[in-house]
Amino acid sequence: MDEVLRRDPSGLTLRADPSALAPERLLVFEVRGAVTNFANAIRRIPGLELVDEEELEDDNQDKAPEAYLLVPDAAALQNILSLWKRWTAGQELGAGFAPWRDVFATLREIRTWGPSDRVQESDREIFGEEVELMGDGEFLAIEIELVFRSSEELATAAEHAVIERIGGLGGALVSRSRIADIAYHALLARLPAPAVRQIVERSENGISGMDAVMHIRPQSIASPDSTDDAAQSPADQIVPTADGEPILAILDGVPVAQHPLLRGRLNVDDLFGLEPAALVAERVHGTAMASLIAHGDRNLAEPSLGRRIHFVPVMGAGDQFPEDRLVIDLVYQAVTAMRRAQ
C-alpha cells in the first residue's frame, strides 16, 4: 500500500491507457465517538482523500456518523481492509503503520461502498412505487450524483463511463452539472423501467453497481404547501411602490409581477426563461411568497418593505422545477448570477 501511495500520492493520476485506469474505490468508515478525532487521524496519512470532510466536521451530533474514503486503486483498498482485519483480530500492524492504528481506534467498522449506500432506503421506496405500474417501455427521470473528484480529467472519465452505461441500458442523458466550488457533480437521466427496477434491487449490474456513483435519487420536484391567494387586494386599496435598491432575493415560482400588491416592488430576473410558459393562473406560490415578504401578514397590518425585491424564478409551469435541469444547478446559477450583478 505504501508503494501504491508513493507512486500515486493523490490517487488522481489518469492513465493514458483507459483499460489500465484504476477504478474509483470508496470505503465506508463507520465512526464511533467524536468525528473530529477520526478526521484528525486520517489527515496524518498522506495520499488519501476524505470525501465531504467539511460536512463530517460539522456533524458531531450524528449518533452513527460515516465517512467515505477514496482509495487510489483496488490493491490499496484490499490492503486497508487487510489491516483492519488484523486490527480487529488483535494482531500487531507492524512498523510504519502507527497512523492507521490511530485511525482504526476511532472506528466501529470498515466496509466497501456499494449499492445499498448509493440507493438510500427512502429513495428505494419511491423508485419502487413509481416503477410498480410502469411498462418496460416507460421512462423515469433520476438524479445520479457522482463521487466528486478535484481532477477534471478523472471526473470526465467517470462521467463518460456512467453516460455510456445509461445509454447501454436504453436510457438517455437529460442534463449534467459539475460545480467545483461546492464539490458537486451530477447527471439527470431518463431510464426505462427495467433499469429502474435494477436500482430498486440495488443490482451490481446496473447504475447502482458503478464505482463512480455516489448517490441515486428520484428527480427533485417541488411540493409547495397549498396557500390561499395571499396577494388578494381590495380594488380601492392604494399600495405604495418601493423605491430602495434590493438587498433581499426570492428564488421561487414565477410571480404575477404586475399584481396590484407587487407592481413596482419586484426586479424579476427570468434567468432560465421560465416566465413565458407559466400561465398567470398557475403563478400562485411565487406571488404569495413575494406578497408575504413585501407586506408581511396583511391581517396584522404590518409595514411594507421600502426596498424592491430581487426575484429569480426557479420554478415554472405549475410551480414545478424544469424537467430538464438539476435543481442544485439552478439554485447555484441563480445565486452566482446575483453575485456577479453586484
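Which residue's side chain meets that of D211 in a salt bridge? Keep that question in mind while the tour begins with the whole chain, and remember throughout that this is a predicted model.

**The whole chain**

Show the protein chain as a cartoon, and you can follow 11 helices and 11 strands along it. If you then colour the 342 residues by accessibility, the buried ones make up 44% of them. Among the contacts between residues at least 6 apart in sequence, 76% join residues that are at least 24 apart.

**First stop: D211 and its partner**

Select D211 together with R118, for these are the two side chains that meet in a salt bridge, with a distance of 3.9 Å from N to O. D211 belongs to the loop between α9 and β8 (213-218), whereas R118 belongs to helix α6 (residues 115-118), so the pair ties together parts that are 93 residues apart in sequence. The surroundings of the two partners can be described as well: D211 counts as partly exposed, at 27% relative accessibility, while R118 counts as buried, at 2%.

**Second stop: the loop after α9**

Stay in the loop between α9 and β8 and select R202, which has its place there. The phi angle of R202 is near 55°, a positive value in a residue other than glycine. Most residues other than glycine have a negative phi. With a relative accessibility of 21%, R202 counts as partly exposed, because the buried class is kept for values under 20%.

**Third stop: α7 against α9**

Now select helix α7 (residues 121-132) and helix α9 (residues 193-200), whose axes come within 9 Å and cross at roughly 150°. Angles over 145 degrees count as roughly antiparallel, and α7 and α9 are therefore roughly antiparallel to each other. The crossing in which α7 passes α9 is left-handed. To see what makes the contact, show the side chains of R124, F127, G128 and V131 on α7, and those of A193, V196, R197, I199 and V200 on α9. Sorted by character, the residues of this contact divide into 6 nonpolar, 1 polar and 2 charged.

**Fourth stop: more salt bridges**

Side chains of opposite charge can pair when their charged atoms come close. A search of the whole structure finds 13 salt bridges, and two further examples are worth selecting here.

Begin with R101 and D102, which form a salt bridge whose closest N and O atoms are 3.9 Å apart. R101 is partly exposed, with a relative accessible area of 42%, and D102 is also partly exposed, with 32%.

Move next to E275 and R283, where a salt bridge is formed with the closest N and O atoms 3.7 Å apart. E275 counts as partly exposed at 27% relative accessibility, but R283 is buried, with a relative accessible area of 12%. After this pair, select E30, E66, R108, R111 and D117 together, since salt bridges that share partners join these residues into one network.

**Last stop: D319**

Finally, go to the loop between β11 (309-315) and α11 (327-340), where D319 is found. Is D319 buried or exposed? D319 is buried, with a relative accessible area of 7%. The phi of D319 is near 55°, which is again a positive value in a residue other than glycine.

Notes. Residues are numbered from 1 along each chain as its sequence is written. This is a predicted model: local features need pLDDT of at least 70, side-chain atom pairs count only at pLDDT 80 or more; totals for chains, interfaces and linings use all residues. Side-chain values use heavy atoms; hydrogens and water are left out. Axes are lines fitted to C-alpha atoms, for helices over the stretch in contact, and angles run from 0 to 180 degrees between N-to-C directions. Helices (H or I, at least four residues) and strands (E, at least two) are DSSP runs, numbered from the N terminus. Angles under 35 degrees count as roughly parallel, over 145 as roughly antiparallel, 65 to 115 as roughly perpendicular and the rest as oblique. A crossing is left-handed if the near helix is turned anticlockwise from the far one by less than a right angle, and right-handed if clockwise. Contact means heavy atoms within 4.5 Å. Ala, Val, Leu, Ile, Met, Phe, Trp, Tyr, Cys and Pro count as nonpolar, Asp, Glu, Lys and Arg as charged, and the others, Gly among them, as polar. A salt bridge is a side-chain nitrogen of Lys or Arg within 4 Å of a carboxyl oxygen of Asp or Glu. Buried means under 20% relative accessible area, exposed over 50%, partly exposed in between (1.4 Å probe, protein chains only).
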